[in-house]
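Load the model in your viewer and switch to a cartoon view. Keep the selection panel open.

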Amino acid sequence: MGAKPTTIAGEKPRDSASLYVAMNEALLLGSVRQHQLAEAADLSNFQLQREVSLRQHAEAEIRALNSNLEQRVAERTAQLEAANEELEAFSYSVSHDLRAPLRHVMGFVKLLQDDLAASLSEKNLRQLTTISSSAKRMGDLIDDLLAFSRIGRSAMELTEVNLDELVRATLGDLQADLQGRKINWQIQPLPAVRGDSALLRLALNNLISNAVKFTGARAEARIEIGCAPGGDNETVIFIRDNGAGFDPRYIHKLFGVFQRLHSQDEFEGTGIGLANVQRIIHRHGGRTWAEGVLDGGATFYFSIPKKTNQGPDGH
């Protein structure tokens, strides 16, 4: 008797030959699929090995860069230490070697003025007075230059600073300069900031004393101190006056050392006060800027970062 056709549920009966062909096709498809999976696995392994190799290479490069960076930092630190030592030596030389001949000049001028005043002409006396005042100005320049140098090297002591108290203390320091002056003060409440109290007091002293000085020709001076809008992470303080102002074309010179936008005959000074202000604020991680019009007043701003208050020197 012949074999019965094989029947699969839902299908028409098939004979053994058809079933054999179907099974071979299934095995062939399975073999092809297995080969495809093997190729995909090999490709995936190759890509994984390549990524591992690339990562290892990148890690080796990072280690080499870190090693090089550490060496460069060490070299740079050594250079900065050497530069600081040279600056210390320079400061010592300025404070001692330059002061001695300057004192001699001033001393001998004073002797000539005292001993020969009666026999000298008015022209000669004026010349001696010019020598004396020039020597005094040179002494002031030396003092300010040394102060500027010390500000950059002194360690900072960060605390919570009450700016209202610093402004009151500064106005107390300036009482001698305020005698006989009519000044309309407009002082807003100021927020507390985190910073070095002594350095911030010096910055405020420079800015407020400048406002007093440059409003000297005004019958009624107006000086305003307050808070200005700033970024979310900074406190901005301003000092505004109605004084001599400055030509905005030369605003880039304002905070430079020994840079003056007014002659010595108009306003006394060494031209280093604003440079001190900028250095102090930069050490707190803040910024300084100004707005002004010639003979139309000026406004000086400085910012102190909130929260960390870490400056460029790492404090």
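This tour of a predicted model goes from a sheet to the helices beside it.

**Stop 1: the sheet.** Select β2, β4, β5, β7 and β6, in that order. These five strands form an open sheet, and their pairing is mixed. Now pick out the edges: β2 (183–187) and β6 (288–292) each pair on one side only. Look along the sheet for its twist, which averages 15° from one strand to the next.

**Stop 2: one strand pair.** Select residues 221–228 for β4 and residues 234–241 for β5. How do they run, parallel or antiparallel? The two strands are antiparallel, joined by six bridges. Show I225 of this pair as sticks, then look across to β5: I239 stands opposite.

**Stop 3: the helix on the sheet.** Select residues 197–214, helix α5. Helix α5 lies across four strands: β2, β4, β5 and β7 (298–305). Against β5, the helix runs at about 25°.

**Stop 4: the helix pair.** Keep α5 and add α6, residues 273–283. The two axes come within 9 Å and cross at roughly 145°. The crossing of α5 with α6 is left-handed.

Which residues make the contact? Show these side by side:

- From α5: L199, L200, L202, A203, N206, L207 and N210.
- From α6: G273, L274, N276, V277, I280, I281 and R283.

Finally, colour the α5–α6 contact by residue class: nine of its residues are nonpolar, four are polar and one is charged.

Conventions: Residues are numbered from 1 along each chain as its sequence is written. This is a predicted model: local features need pLDDT of at least 70, side-chain atom pairs count only at pLDDT 80 or more; totals for chains, interfaces and linings use all residues. Side-chain values use heavy atoms; hydrogens and water are left out. Two strands pair if DSSP finds at least two bridges between them. Axes are lines fitted to C-alpha atoms, for helices over the stretch in contact, and angles run from 0 to 180 degrees between N-to-C directions. Contact means heavy atoms within 4.5 Å. A crossing is left-handed if the near helix is turned anticlockwise from the far one by less than a right angle, and right-handed if clockwise. Ala, Val, Leu, Ile, Met, Phe, Trp, Tyr, Cys and Pro count as nonpolar, Asp, Glu, Lys and Arg as charged, and the others, Gly among them, as polar.
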